[in-house]
Amino acid sequence: MTPTGPLGVQAVLFDLDDTLVDTAAAFAAAVAAVAEEFLPHLEAARHPEVLATWRADTGGYYQAHVDGLIDYRTQRRARAEQIQERFGGEALSEAGFGRWTQLWDRAFSSSWVAFDDAVPALGALRSAGLGVGCVTNAAAAQQQAKLAATGLTETVPLLVTLDTFGVGKPDPRVFHEAVRRLNVPAGRVLYVGDEPVIDARAAHAAGLRGIWLDRPGRRRGHAGEDPEALRADGIAVVQDLQGVLDLLHLPPPVANDWSGAVGQRSMSKEE
Ligand SMILES: [Mg+2]
């Protein structure tokens with residue numbers, strides 16, 4: 001049984017994308033790759049707008065996929081078409097979408113990198129005897145590849161992916177499954193994620209202690225991105241993963257204690 005840590009917390013669960021891994025930077029690389037071929041008229045200075053459109057997913061296509069309503073390819077095609085239309089590109093043929101996918105995947109998967117605070121924070125939590133895990137709204141194969149590429153495989157036992165039930169957050173079942181596998185009461189588990197509604201509020205509603213990771217400059221323009229509203233409902237808001245350690249009154253990680261210990265890839269940020 002996991003010992004009780006600071007404040008009675010026994011485990012900390014994390015979202016993966018844009019929480020432990022800088023997925024937005026990888027998407028920026030993917031946007032640059034497809035824009036060069038499919039939006040050749042668009043100056044590179046406007047690529048951040050394309051990235052913002054992708055991340056905002058105003059059509060709700062990715063969440064429809066997470067909710068089990070449409071398959072992965074369908075949501076991706078819809079979002080690719082949305083970008084082509086919004087930024088003055090041609091509609092994608094079937095073959096064109098195949099090429100688009102190839103360019104996107106190659107750039108995306110070669111640009112994954114963990115945030116600088118991820119490995120130190122995970123190390124500090126484990127050193128304190130706390131359980132650590134991940135609940136992610138993407139498929140297991142991709143997330144396992146992402147953890148391996150960012151050196152997080154050894155540090156983060158990947159607990160629950162979209163494959164587990166065919167649905168993801170905010171469905172409470174995925175949180176409960178992670179808690180069940182940790183074998184600790186839900187009320188003693190923190191859940192940290194970059195999306196206030198499907199991460200922090202959903203975890204809170206499932207009986208965990210939800211925390212919104214509001215990294216500066218990383219909001220998506222989604223509804224619910226209001227720190228005061230979350231705090232008013234008893235949900236903590238932090239700006240980086242050190243903030244999670246602070247909430248637990250854990251000491252900062254010792255320099256060099258964990259850096260490189262799990263082979264964290266060193267890459268410059270693309271944003
Ligand atoms: Mg996320």
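The legends below describe close-up views of a predicted model.

**View A. Strand β2 and its enclosure within the predicted model.** Strand β2 spans residues 131–135, and because five of its five residues are buried, the strand is largely enclosed by the rest of the structure. The cover extends to both faces, with G131, G133 and V135 buried on one side and V132 and C134 buried on the other. This arrangement can be read against the general pattern that, in a regular strand, side chains alternate between the two faces of the sheet.

**View B. The partners of β2 and the crossover that leads to β3.** Strand β1 (residues 11–14) runs parallel to β2 and is joined to it by four bridges, with F14 standing opposite C134 of β2. Strand β3 (residues 158–160) also runs parallel to β2, the two being joined by two bridges, and here V135 stands opposite V160 of β3. Between β2 and β3 the chain passes through helix α7 (residues 140–149), forming a β-α-β crossover that is right-handed.

**View C. The protein donors of the magnesium ion.** The ion has protein donors from D15 (OD), D17 (O) and D194 (OD), which lie 2.0 to 2.2 Å from it. Along the chain these donors follow the spacing D-x1-D-x176-D. Two of the donor residues can be placed by their accessibility: D15 is buried, with a relative accessible area of 5%, and D17 is likewise buried, with a relative accessible area of 16%, since buried is taken to mean under 20%.

**View D. The salt bridge between D15 and K169.** The side chain of D15, a residue that also serves as a donor of the magnesium ion, meets the side chain of K169 in a salt bridge with an N to O distance of 2.9 Å. D15 belongs to the loop between β1 and α1 (23–38), whereas K169 belongs to the loop between α8 (162–165) and α9 (172–182), so the pair ties together parts that are 154 residues apart in sequence. Both partners are buried, D15 with a relative accessible area of 5% and K169 with one of 1%.

**View E. The salt bridge between E49 and R46.** The side chains of E49 and R46 meet at 3.0 Å, N to O. E49 counts as partly exposed at 38% relative accessibility, and R46 is partly exposed as well, with a relative accessible area of 32%. This pair belongs to a total count of 22 salt bridges.

**View F. The salt bridge between E195 and R220 and the network around it.** The side chains of E195 and R220 meet in a salt bridge at 3.7 Å, N to O. The pair links distant parts of the chain, with E195 in the loop between β4 (189–193) and α10 (196–205) and R220, 25 residues apart from it, in the loop between β5 (209–213) and α11 (227–232). E195 and R220 are both buried. Through salt bridges that share partners, D18, R55, D194, E195 and R220 are joined into one network, and D194 is also among the protein donors of the magnesium ion.

**View G. The buried residues of helix α9 and what follows the helix.** In α9 the buried residues are V174, F175, E177, A178, V179 and L182. These buried residues pack against strands β1, β2, β3 and β4, and against helices α8 and α10. The helix is followed by N183, whose phi is positive, near 60°.

Terms used. Residues numbered from 1 in each chain as written. Predicted model: local features only at pLDDT ≥ 70, side-chain atom pairs only at ≥ 80, totals over all residues. Heavy atoms only, no water. Buried < 20%, exposed > 50% of the residue type's maximum accessible area, 1.4 Å probe, protein only. Pairing = 2+ DSSP bridges. Right-handed = clockwise from strand over helix to strand, strands pointing away. Donors = N, O, S within 2.8 Å, 3.2 Å for Na, K, Ca; no water. Salt bridge = Lys/Arg side-chain N within 4 Å of Asp/Glu carboxyl O. Contact = heavy atoms within 4.5 Å.
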